[in-house]
Amino acid sequence: MTDSKQLYQEVILDHNRKPRNWGLPPDATHKSEGVNPLCGDHIHLALRLADDTVEAIGFEGDSCAICKASASMMTAAVKGRARADAEQLVQEFRDMAIGTLDPGEPHHLGRLTVFAGVRDLPTRVKCAILPWHTLHAALNAIASTSTESEADPMHAPMGNA
Ligand code: ZN
């Protein structure tokens, strides 16, 4: 087993055993629901935005290990970040997961790069991306998102508009 594969499995296991930011924060200002019908992932995400910064964020729901670990790491990564930085991370994570992230360009993914391998697992890409798309939906006041819907960012460029 390669080191990156081993690290990936350790991270997934760790975040499944102890998901970070499990449970929806009180006084949430933004929330959304995300579904991935292909796998059966279904998560609820809520966050509190103050001064355009993600002050609190949490999630709950029913999902596979990859989706849960991705949601756990996503919430930990964007907590305390400015909204624009959170949106940039969504874009970078998505590009990494679908394999279009330019390795020559600087990015802010840090430990999230453990998910880089999902680009070779087409059935798992949407599991890993779902929490990020749900975050994007929440920040843009979209009540729900589905990896199979036409409105899903997977089907159209996201932009920052
Ligand atoms: Zn899944």
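Which residues does aspartate 95 touch, not counting residues up to four places away in sequence? Here are some notes on that and on the rest of the fold; please keep in mind that this is a predicted model.

1. **Aspartate 95.** To take the opening question straight away: aspartate 95 touches Thr100 and Leu101, leaving aside residues up to four places away in sequence. The residue sits in helix H3. Its relative accessibility is 18%, and since buried means under 20%, aspartate 95 counts as buried.

2. **Helix H3.** This helix covers residues 83-98, and its 16 residues should span 22 Å at 1.5 Å a residue; the end C-alpha atoms are 23 Å apart, which agrees. Its buried residues are Ala86, Glu87, Leu89, Val90, Glu92, Phe93, Arg94, Asp95, Met96 and Ala97, so you will find charged residues listed there alongside nonpolar ones. Helix H2 (65-78) and helix H4 (122-139) are included in what covers them. Just after H3, glycine 99 has a positive phi of about 85°.

3. **The nonpolar core.** In soluble globular proteins, nonpolar side chains tend to be buried together. Here the largest nonpolar core has 40 residues, and Phe93, Phe115 and Leu135 have the most contacts inside it. Helix H1 (3-17), S2, S3, H2, H3 and H4 each supply at least two residues of this core. H4 provides its largest share, nine residues.

4. **Phenylalanine 115.** This residue deserves a look of its own. Residues up to four places away in sequence aside, phenylalanine 115 touches Tyr8, Ile12, Ile66, Ala69, Ser70, Met73, Phe93, Met96 and Ala128. Phe93, on that list, is also one of the buried residues of H3.

5. **The sheet.** Four strands make an open sheet in the order S3-S2-S1-S4, with mixed pairing. S3 and strand S4 (144-146) are the edge strands, each pairing on one side only. From one strand to the next, the twist averages 20°.

6. **Strand S1 and its partners.** Strand S1 (residues 30-36) pairs with S2 in the antiparallel sense over seven bridges, and glutamate 33 stands opposite histidine 44 in S2. The hairpin of S1 and S2 has four residues between the strands, and there glycine 40 takes a positive phi near 100°. S1 and S4, by contrast, run parallel and are joined by three bridges; glycine 34 stands opposite threonine 145 in S4.

7. **The S2-S3 hairpin.** S2 and S3 run antiparallel, joined by nine bridges. Two residues lie between them in a hairpin, and aspartate 51 in the turn has a positive phi of about 55°. Alanine 50 has threonine 53 in S3 as its bridge partner.

8. **The zinc site.** Which protein donors hold the zinc ion? They are Cys39 (SG), Asp41 (OD), Asp41 (OD), Cys64 (SG) and Cys127 (SG), lying 2.2 to 2.6 Å from the ion. Along the chain the donors follow the spacing C-x1-D-x22-C-x62-C. Aspartate 41 lies in strand S2 (residues 41-50) and cysteine 64 in the loop between strand S3 (53-62) and H2, so this pair ties together parts that are 23 residues apart in sequence. Aspartate 41 and cysteine 64 are both buried.

Terms used. Residues numbered from 1 in each chain as written. Predicted model: local features only at pLDDT ≥ 70, side-chain atom pairs only at ≥ 80, totals over all residues. Heavy atoms only, no water. Expected span 1.5 Å × (residues − 1). Buried < 20%, exposed > 50% of the residue type's maximum accessible area, 1.4 Å probe, protein only. Contact = heavy atoms within 4.5 Å. Donors = N, O, S within 2.8 Å, 3.2 Å for Na, K, Ca; no water. Pairing = 2+ DSSP bridges. Core = buried A, V, L, I, M, F, W, Y, C linked by side-chain atoms within 4.5 Å. Axes fitted to C-alpha atoms, helices over the stretch in contact; angles between N-to-C directions.
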